[in-house]
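Student: I would like to learn how to read a few features of a model. Please take them one at a time, with the general idea before the case.

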Amino acid sequence: MKQELIERFIRYAKVNTQSDPESDTCPSTQGQWELANMLVEELKAIGMEEVTVDENGYVMATLPANTDKNVPVIGFLAHIDTAPEFTGANVNPQLIDSYDGGDIVLNKEQGIILSPNDFPELAHYKGHTLITTDGTTLLGADDKAGIAEIMTAMHYLIKHPDIKHGKVRVAFTPDEEIGRGPHKFDVAKFGAQFAYTVDGGPLGELEYESFNAAEAKITFKGKNVHPGTAKGKMINSIKIAMEFQQQLPANEAPEHTEGYEGFYHLLSFQGNVEETKLHYIIRDFDRESFEARKANMKDIAASLAQKYGTDRITLEINDQYYNMREKIEPVRHIVDIAHEAMANLGIEPKVKPIRGGTDGSQLSYMGLPTPNIFAGGENFHGRYEYISADNMVKAAEVIVEIIKLFEQKSS
Ligand SMILES: [Zn+2]
């Protein structure tokens, strides 16, 4: 299994599938088509059925049931794209056999080193086969490791027909990194009762809670007058905007929060005397305090409107996604089965809230409850990204084990 995973992963990693938030197409970039088409051919080659790719680049396929039991249809998903914030062109993966626990020279010429001094988690990987970058690009383990693991698990089940299972659906989707992954996902066509995204980090990760998320855009209008004659006339929109920001609780910001704590995050601040625009994101696990945060922003805007004039402030808040826990709790056994699958394989499940969203956060609200399981990578979205091939084997085994457990628990 390990060689098969390494070969697949490296082949996928070499295709540049970086997504682009500025693009209006779906997929947002041409490279994603290249990998999508490659995956279609490969799914057919390993013997998957109902292999399709739609006009938006969503790849789907079926592993038919080989049991008469009434087993729910389960799905596995991974995303094709890589993060826009770091280059994914000319990815040149490096293979390190039996890692010795020391510094890894990613790039000799540029002096780029992956060191346990900076990344102490490397200590867990002594003796593993690691795949790293050459220091100049990201690796794309997020989430090509997930694709390789799902593909390899399907191939394994096809080669071992003695393992009984229900119908399994798999999907490889575009543009997760720009938040659009589920936008054109056809839940009805996919036809699974639940699914798992294989898009988590290190070994054992199991996630079914995400933020509730909204964004706020606030525009402040000022009145510019020559500063020499401005007394009693000028209204400086920058200063109203600063007043707004000052009234938000200073400690409820990303740089001061962790775990289950929510925040307001000022993403950008652009302005001059005449007009200033603030862009925030609001995040909270708890739905009530999420709503309270939005209400707080509205209150602050209202009080400033009273002070400076109602036409000087416009506030626009849009919800982005919600905590998937609400939709997963009623089908809690899907998390329990993932937990059990890991435990059966001697993997300690690490259940933690995602301080972000996954495709599952949106899919769960589209009628497909979708927790997230580990794909195995570390240091996503940058040049220090790496993955253990040994843990990729574990991830593929967890997929197989989940599928087995669903069959065993059915009648
Ligand atoms: Zn991902």
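Student: Where is the place of Pro 27?

Tutor: This is a predicted model. In it, Pro 27 sits in the loop between helix 1 (2–13) and helix 2 (30–46).

Student: What is the peptide bond from Cys 26 to Pro 27, cis or trans?

Tutor: Most peptide bonds are trans, and most residues other than glycine have a negative phi. The bond from Cys 26 to Pro 27 is cis, with omega near -5°. The bond from Asp 142 to Asp 143 is also cis, with omega near 10°. Asp 143 belongs to helix 3.

Student: And phi: is that of Ser 98 positive or negative?

Tutor: Phi of Ser 98 is positive, near 50°, although the residue is not glycine. Ser 98 is in the loop between strand 4 (94–96) and strand 5 (104–107). Asn 379 also has a positive phi, near 55°, and is placed in the loop between strand 17 (377–378) and strand 18 (386–388). Asn 379 counts as partly exposed because its relative accessibility is 23%, and the partly exposed class runs between 20% and 50%.

Student: Asp 142 came up above. Which residues coordinate the zinc ion?

Tutor: For a metal site, list the donor atoms, then look at the angles. The zinc ion is coordinated by NE2 of His 79, OD of Asp 142 and two OD entries of Asp 199, at 1.9 to 2.7 Å. Along the chain, the donors follow the spacing H-x62-D-x56-D. Asp 142 in helix 3 (residues 141–159) and Asp 199 in strand 9 are 57 residues apart, so the pair links distant parts of the chain. Both aspartates, Asp 142 and Asp 199, are buried.

Student: Why is the arrangement around the zinc ion irregular?

Tutor: The four donor atoms subtend angles of 53 to 148°, which makes the arrangement irregular. A tetrahedral call would need all angles between 85 and 135 degrees.

Student: How is empty space read, and how much lies in the largest pocket?

Tutor: Rolling a probe the size of a water molecule over the atoms shows where empty space is left. The largest pocket holds about 1,200 Å³. Its lining has 34 residues, with Glu 176, Glu 177, Gly 179, Tyr 321 and Gly 357 nearest the centre. Elements giving two or more residues to this lining include strand 9 (194–200) and helix 9 (359–365). The lining divides into nine nonpolar, 12 polar and 13 charged residues.

Student: Why does the largest pocket lie between domain 1 and domain 2?

Tutor: Domain 1 (1–210 + 324–409) and domain 2 (212–321) both give residues to the lining, so the pocket lies between them.

Technical notes. Residues are numbered from 1 along each chain as its sequence is written. This is a predicted model: local features need pLDDT of at least 70, side-chain atom pairs count only at pLDDT 80 or more; totals for chains, interfaces and linings use all residues. Side-chain values use heavy atoms; hydrogens and water are left out. On a 1 Å grid over the protein atoms alone, a cavity is a set of points where a 1.4 Å probe fits but cannot get out, and a pocket is an open set with protein on both sides within 12 Å along at least five of seven lines; lining residues have an atom within 4 Å of a point. Grid points are joined across faces, edges and corners, and a volume is the space filled by probe spheres set on the points. Helices (H or I, at least four residues) and strands (E, at least two) are DSSP runs, numbered from the N terminus. Ala, Val, Leu, Ile, Met, Phe, Trp, Tyr, Cys and Pro count as nonpolar, Asp, Glu, Lys and Arg as charged, and the others, Gly among them, as polar. Domain bounds come from an automatic or database domain assignment. Donors are N, O and S atoms within 2.8 Å of the metal (3.2 Å for Na, K and Ca); water is not among the atoms, so sites may look incomplete. Four donors count as tetrahedral if all angles lie between 85 and 135 degrees; four count as square planar and six as octahedral if opposite donors are over 155 degrees apart and all others between 65 and 115; anything else is irregular. Buried means under 20% relative accessible area, exposed over 50%, partly exposed in between (1.4 Å probe, protein chains only).
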